[in-house]
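Biologist: Hey, could you load up that model and walk me through how it packs?
Modeller: Sure, here it comes.

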Amino acid sequence: MEFRDKVIFVAGGTTGINFGIAKSFAEQGAKVAVLSRKQENIDAALAALRAKGGQAIGFAADVRQIDSLAAAFAGVVAKWGAIDVLISGAAGNFVAPASELSANGFKTVIDIDLLGCFNVMRAAYPHLRKPGAAIVNISAPQSWLPTPSQIHVCAAKAGIDQITRTAAMEWGPQGIRVNAIAPGPIADTEGMKRLAPTPASAQAWVESVPLRRFGTKDELGRVAQWLCSDAAAYVTGVVLPVDGGWSLGGSSAMTHALTAV
Ligand code: COA
């Protein structure tokens with residue numbers, strides 16, 4: 001229970017893998033704040049986090065509007081004093097070939113994923129407990145794997161990796177660690193429902209993962225906890241794949257072909 005009474009802020013923490021991370025910290029006794037654009041998602045997340053006696057509060061804000069984040073961070077600090085851990089995972093993605101993607105579609109994902117990640121880090125910075133604070137940004141294998149129909153996501157996530165490393169350099173002297181997780185295929189997520197809509201497509205995904213299974217939200221949560229724990233006190237500026245080895249070659253046609261022989 002290393003995180004008992006620590007304050008964890010999860011941007012995008014009401015659904016999907018971000019909620020899984022929020023829940024895993026709550027199960028370790030942390031006080032958890034979640035942020036989403038949608039009040040109904042906040043209400044559902046808070047009910048689930050509080051169901052087992054966890055302490056949780058929620059804020060409605062758009063990560064594209066830095067001013068709307070200020071009230072959320074001020075609210076957390078007014079209630080709990082400071083922020084020990086920041087998880088920045090708000091994202092909006094869709095599958096679209098570059099030849100059909102509008103400039104505004106590209107910009108929309110850059111604004112939510114990349115600008116949003118900067119805004120969250122920047123707005124949280126004055127409130128982080130220094131030294132000792134830890135930030136985990138949510139990247140993706142698209143940040144280094146060129147992926148068709150994901151040009152907007154590839155650009156945004158590559159940017160997230162670089163703001164992770166740059167902030168790690170700038171904020172390290174103050175005792176703030178900044179790392180990122182790049183999740184591979186994770187079960188029971190909106191993304192995998194879209195990418196693997198049928199049993200056959202899910203099986204093809206499984207076969208592209210060296211560990212031959214999807215990951216779980218709980219596994220991501222435990223990696224996030226490790227990155228924010230004393231056990232990782234000398235780890236900063238790292239983008240850590242949590243993908244069962246998928247990004248070692250999972251998107252390569254040759255890998256699939258040779259595996260099938
Ligand atoms: N394919 C191509 N372009 C798309 C698109 C899609 N599936 N979805 C949105 N766009 C484009 C729109 O056409 C628009 O561009 P245009 O003005 O040139 O037509 C631009 O993106 C903005 O769309 P809009 O719906 O106004 O943006 P939004 O801020 O309301 O929502 C998303 C953006 C990404 C959140 C929305 O597309 C969405 O709901 N995605 C699915 C949910 C999701 O991403 N969950 C997270 C999974 S990680």
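What follows is a chat about helix packing, aromatic pairs and a few backbone oddities.

Biologist: Is this experimental or predicted?
Modeller: This is a predicted model.

Biologist: OK, helices to begin with. At what angle do helix 3 and helix 4 cross?
Modeller: Roughly 40°, with the axes coming within 9 Å. Helix 3 covers residues 66-80 and helix 4 covers residues 103-124. That angle makes helix 3 oblique to helix 4.

Biologist: Left-handed or right-handed crossing there, for helix 3 and helix 4?
Modeller: Right-handed for helix 3 and helix 4.

Biologist: And which residues make the contact?
Modeller: From helix 3 you get Ile66, Leu69 and Phe73. Helix 4 brings Asn119, Val120, Arg122, Ala123 and Ala124.

Biologist: Let's zoom in on Leu69. Buried or exposed?
Modeller: Leu69 sits in helix 3, and at 0% relative accessibility Leu69 counts as buried.

Biologist: What does Leu69 touch, leaving aside its neighbours within four places in sequence?
Modeller: On the helix 4 side, Leu69 is in contact with residues including Asn119, Val120 and Ala123. Leu35, Ala61, Asp62 and Val63 are also among the contacts of Leu69 once neighbours within four places in sequence are left aside.

Biologist: How many residues apart in sequence are Leu69 and Asn119?
Modeller: Leu69 and Asn119 are 50 residues apart in sequence, and their C-alpha atoms are 7.9 Å apart in space.

Biologist: Now helix 4 against helix 5. What's the geometry?
Modeller: The axes of helix 4 and helix 5 come within 8 Å and cross at roughly 15°. Helix 4 and helix 5 are therefore roughly parallel to each other. The crossing of helix 4 past helix 5 is right-handed.

Biologist: Which residues meet between helix 4 and helix 5?
Modeller: Helix 4 offers Phe106, Val109, Ile110, Asp113, Leu114, Cys117, Phe118 and Met121. Those meet a set in helix 5 that includes Ile151, His152, Val153, Ile160, Ile163 and Trp171.

Biologist: While we're on helix 4, is Asp111 buried or exposed?
Modeller: Asp111, found in helix 4, is buried, with a relative accessible area of 17%; the cut-off for buried is under 20%.

Biologist: And which residues is Asp111 in contact with, leaving aside neighbours within four places in sequence?
Modeller: Arg64 and Gly116 are in contact with Asp111 on that basis.

Biologist: Switching to rings. How many aromatic pairs does a search of the whole structure find?
Modeller: Four aromatic pairs turn up. One of them is Phe3 with Phe25, which is edge-to-face: 4.9 Å centre to centre, with 80° between the planes. Phe3 lies in the segment before strand 1 (7-11) and Phe25 in helix 1 (residues 16-27), so the pair ties together parts that are 22 residues apart in sequence.

Biologist: Phe3 and Phe25: buried or exposed?
Modeller: Both Phe3 and Phe25 are buried.

Biologist: What does helix 1 pack with?
Modeller: Helix 1 packs with helix 8 (residues 217-228), at an angle of about 60° and with the axes 8 Å apart. Helix 1 and helix 8 are therefore oblique to each other, and their crossing is right-handed. Phe25 shows up here too, as one of the helix 1 residues that meet helix 8, along with Gly16, Ile17 and Gly20. Among the helix 8 residues in that meeting are Leu220, Gly221, Ala224 and Cys228.

Biologist: Where's the cis peptide bond?
Modeller: Lys130 and Pro131 are joined by the cis bond, with omega about -10°. Pro131 is in the loop between helix 4 and strand 5 (134-138). Lys130 also lies over the face of Tyr125, at 4.6 Å from the ring centre.

Biologist: Last thing: which residues have a positive phi without being glycine?
Modeller: Ser149 is one of them, with phi near 65°. Ser149 is in the loop between strand 5 and helix 5 (151-171), and is partly exposed with a relative accessible area of 24%. Arg212 is another, with phi of about 60°. Arg212 has its place in the loop between helix 7 (199-207) and helix 8, and counts as partly exposed at 42% relative accessibility.

Technical notes: Residues numbered from 1 in each chain as written. Predicted model: local features only at pLDDT ≥ 70, side-chain atom pairs only at ≥ 80, totals over all residues. Heavy atoms only, no water. Phe/Tyr/Trp six-rings, centres within 6.5 Å; stacked < 30°, edge-to-face > 60°. Helix = DSSP H or I, 4+ residues; strand = E, 2+ residues; numbered from the N terminus. Buried < 20%, exposed > 50% of the residue type's maximum accessible area, 1.4 Å probe, protein only. Lys NZ or Arg CZ within 6 Å of the ring centre and 35° of its normal. Axes fitted to C-alpha atoms, helices over the stretch in contact; angles between N-to-C directions. Parallel < 35°, antiparallel > 145°, perpendicular 65-115°, else oblique. Left-handed = near helix turned anticlockwise from the far one by under 90°. Contact = heavy atoms within 4.5 Å.
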